Amino acid sequence: IVLDGGLPGGVAANAAAVLSLSVGRAFPEIVGPAVTDGDGDEHPGITQLPIPVLRAAPEALPELRRKAAERGLYCVGFTHTARTARSYDAYTQRMAATANDNLCFVGIAIVGERSAVDGLCGALPMLR
């Protein structure tokens, strides 16, 4: 996950959560089975893969998204339009009225072979 490095903490956490849910829906096999603790209580499965949360300048996000698509990687974006919409219908309508070049990304999630993802994001710093 790569987020706009200037986001306030709560907005960044929300963006990472939204993007993680989208990735989980697209790749349900990354969530492991339920586990049982030493007292016999069951805990739902969590991701089996690490999900680094990185930061970048906001103007770098559309280019990362474009490059990911060119390389055949799965990429989902979370836009300012989505973040500020009050409903999914409002989001859908606002997106339909916004040209791709005018989208402002809050964050993106990229999934694929580790070497390909690292080639795009490996030099980015972790979110602080």
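How many helices and strands are there in the protein chain? Let's work through that and a few other exercises together. This is a predicted model, in which local features need pLDDT of at least 70 and side-chain atom pairs count only at pLDDT 80 or more, while totals for chains, interfaces and linings use all residues. Residues are numbered from 1 along each chain as its sequence is written, and side-chain values use heavy atoms, leaving out hydrogens and water.

**Exercise 1. Lay out the secondary structure.**

Step 1. The protein chain has five helices and six strands. Here helices (H or I, at least four residues) and strands (E, at least two) are DSSP runs, numbered from the N terminus.

Step 2. Reading along the sequence gives the pattern β-α-β-β-β-α-β-α-α-β-α.

Step 3. For the overall dimensions, the C-alpha trace spans about 55 × 35 × 30 Å along its principal axes.

**Exercise 2. Find the largest nonpolar core and the elements that supply it.**

Step 1. Start with the terms. A nonpolar core is a set of buried Ala, Val, Leu, Ile, Met, Phe, Trp, Tyr and Cys residues joined through side-chain atoms within 4.5 Å. Buried means under 20% relative accessible area, exposed over 50%, and partly exposed in between (1.4 Å probe, protein chains only).

Step 2. The largest such core has 16 residues, and I1, L3, L19, F78 and A109 have the most contacts inside it.

Step 3. At least two residues of this core come from each of α1 (9–26), β5 (74–79) and β6 (105–111). The largest share, five residues, is supplied by α1.

Step 4. Apart from this core lies another, of 14 residues, including V2, L73, L103 and V117.

Step 5. Now zoom in on F78. Leaving aside neighbours within four places in sequence, F78 is in contact (heavy atoms within 4.5 Å) with N14, A15, V18, L19, R83, F105, V106 and G107.

**Exercise 3. Work out why the buried residues of α2 line one face.**

Step 1. Helix α2 covers residues 61–70, and its buried residues are L61, L64 and A68.

Step 2. Viewed down the axis of α2, these buried residues fall within an arc of 60 degrees, so they line one face of the helix. The arc is that of the directions from the helix axis to the C-beta atoms.

Step 3. An α-helix has 3.6 residues a turn, so residues three or four places apart point the same way.

Step 4. What does the buried side pack against? The buried residues of α2 meet β1 (2–4), β4 (54–56), β5, β6 and α5 (114–121). On the face turned away from that side sit the exposed residues A69 and E70.

Step 5. Just after α2, G72 takes a positive phi of about 75 degrees.

**Exercise 4. Describe the surroundings of L54 and T81.**

Step 1. L54 is found in strand β4 and is buried, with a relative accessible area of 10%.

Step 2. Not counting residues up to four places away in sequence, L54 touches I1, V2, L3, C121, L124, P125, M126 and L127.

Step 3. T81 lies in helix α3 (residues 80–84). With a relative accessible area of 11%, T81 is buried too.

Step 4. With residues up to four places away in sequence again left out, T81 touches Y91, R94 and M95.

**Exercise 5. Characterise the whole chain.**

Step 1. Of the 128 residues, 27% count as buried.

Step 2. Among contacts with a separation of 6 or more, 70% join residues 24 or more positions apart.
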